[in-house]
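Grab a pencil and work through these exercises with the model open beside you. Try each task before you read its solution.

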Amino acid sequence: MTNEYTIVILNERFRRLHTFRIIFLWINVILLGWFCYSLNNILAGIFAALAACYAFYDIFFSKKNIYHNTIEKFLLHGILFAIIGWLSLQFYLLALFLAAWAFMGLKIKEHFWLKLNASGLTFHTFFVQEYSWNDFQNIILKDGLLTLDFKTNKIFQATIFEQTPENGEDNFNAFCNEHMKNASG
């Protein structure tokens with residue numbers, strides 16, 4: 001039997017966040033372009049053009065669900081170009097706001113994942129939450145749907161994207177039941 005499972009959970013808000021991010025990027029491109037024109041700042045215009053190129057790329061040519069590390073995502077999301085453009089115009093507070101927003105957007109957009117091992121369950125979303133086996137009444141994986149039934153009458157259900165190792169739902173359910181029984185006494 002396996003000693004550890006890792007499950008990747010689909011983020012249902014991915015498409016809405018992605019659309020909002022592109023709209024927000026276009027607003028920044030338009031504003032940067034206007035300030036570039038009115039203040040005669042060519043550097044801001046260059047970064048507005050780079051952000052616009054990324055926005056076009058993302059809309060028409062990018063493949064969805066590509067895994068990148070955090071620095072690549074920050075660059076690929078085009079907001080870095082807008083941040084540098086705002087810095088070149090000396091709008092430091094706006095650039096700081098965009099950087100914070102982009103960082104939070106990177107964390108929210110990622111798929112969620114959980115790791116189950118002998119010590120319990122670790123749930124990675126924006127924050128990391130750890131649970132012991134005593135916190136659960138039941139954990140079931142059936143037809144790609146994961147159900148976590150807490151003893152506090154809270155239920156969490158999610159569609160799984162990927163499971164490692166891929167040795168079947170029955171083995172996963174047996175693993176969870178064994179650890180919950182051992183934890184309860």
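**Exercise 1. Find out how many helices and strands the chain has, and in what order they come.**

Solution. Start by counting elements: this predicted model has six helices and seven strands. Next, walk along the sequence and write down each element as you meet it: the pattern reads β-α-α-α-α-α-β-β-β-β-β-β-α. Then look at how the chain folds back on itself. Take the contacts between residues at least 6 apart in sequence: 62% of them join residues at least 24 apart.

**Exercise 2. Describe the largest nonpolar core and say which elements build it.**

Solution. First, a bit of background: in soluble globular proteins, nonpolar side chains tend to be buried together. Here, 37% of the 185 residues count as buried. The largest nonpolar core has 22 residues, and the members touching the most others are Leu25, Leu32, Ile79, Trp86, Leu89 and Leu98. Now sort the core by element: α1 (14–39), α2 (42–60), α4 (79–88) and α5 (92–109) each give two or more residues. Helix α2 supplies the largest share, with seven residues.

Zoom in on leucine 32. Skip residues up to four places away in sequence, and you'll find that leucine 32 touches Ala44, Ala48, Ala82, Gly85, Trp86 and Leu89. Finally, don't stop at one core: a separate one has 20 residues, including Ile7, Leu121, Trp133 and Ile160.

**Exercise 3. Track down the salt bridge and work out which parts of the chain it ties together.**

Solution. There's one salt bridge to find in the structure. Its partners are glutamate 4 and lysine 115, whose closest N and O atoms are 3.8 Å apart. Now place them: glutamate 4 sits in the segment before β1 (5–9) and lysine 115 in strand β2 (residues 112–117), so the bridge ties together parts 111 residues apart in sequence. Are the partners buried or exposed? Glutamate 4 has 34% relative accessibility, so it counts as partly exposed. Lysine 115, at 27%, is partly exposed too.

**Exercise 4. Classify two aromatic pairs by the angle between their ring planes.**

Solution. The whole structure has 14 aromatic pairs, so let's pick two. You need one cut-off: planes over 60 degrees apart count as edge-to-face, under 30 as stacked, and the rest as tilted.

- Phenylalanine 35 and phenylalanine 91 have ring centres 5.1 Å apart and planes at 55°, so this pair is tilted. The pair links helix α1, home of phenylalanine 35, to the loop between α4 and α5, where phenylalanine 91 lies, 56 residues apart.
- Tyrosine 131 and phenylalanine 150 have centres 5.2 Å apart and planes at 65°, so this pair is edge-to-face. Tyrosine 131 is in strand β4 (residues 128–131) and phenylalanine 150 in strand β6 (residues 145–150), so the pair ties together parts 19 residues apart in sequence.

Last step, check the cover: phenylalanine 91 is partly exposed at 32% relative accessibility, while phenylalanine 150 is buried at 6%.

**Exercise 5. Explain why asparagine 41 counts as buried, and find its contacts.**

Solution. Locate asparagine 41 in the loop between α1 and α2. Buried means under 20% relative accessible area. Asparagine 41 has 17% relative accessibility, so it counts as buried. Leave out neighbours within four places in sequence, and asparagine 41 is in contact with Cys36, Ser88 and Leu89.

How values were computed
Residues are numbered from 1 along each chain as its sequence is written. This is a predicted model: local features need pLDDT of at least 70, side-chain atom pairs count only at pLDDT 80 or more; totals for chains, interfaces and linings use all residues. Side-chain values use heavy atoms; hydrogens and water are left out. A nonpolar core is a set of buried Ala, Val, Leu, Ile, Met, Phe, Trp, Tyr and Cys residues joined through side-chain atoms within 4.5 Å. Buried means under 20% relative accessible area, exposed over 50%, partly exposed in between (1.4 Å probe, protein chains only). Helices (H or I, at least four residues) and strands (E, at least two) are DSSP runs, numbered from the N terminus. Contact means heavy atoms within 4.5 Å. A salt bridge is a side-chain nitrogen of Lys or Arg within 4 Å of a carboxyl oxygen of Asp or Glu. Rings of Phe, Tyr and Trp (its six-membered ring) pair if their centres lie within 6.5 Å; planes under 30 degrees apart count as stacked, over 60 as edge-to-face and the rest as tilted.
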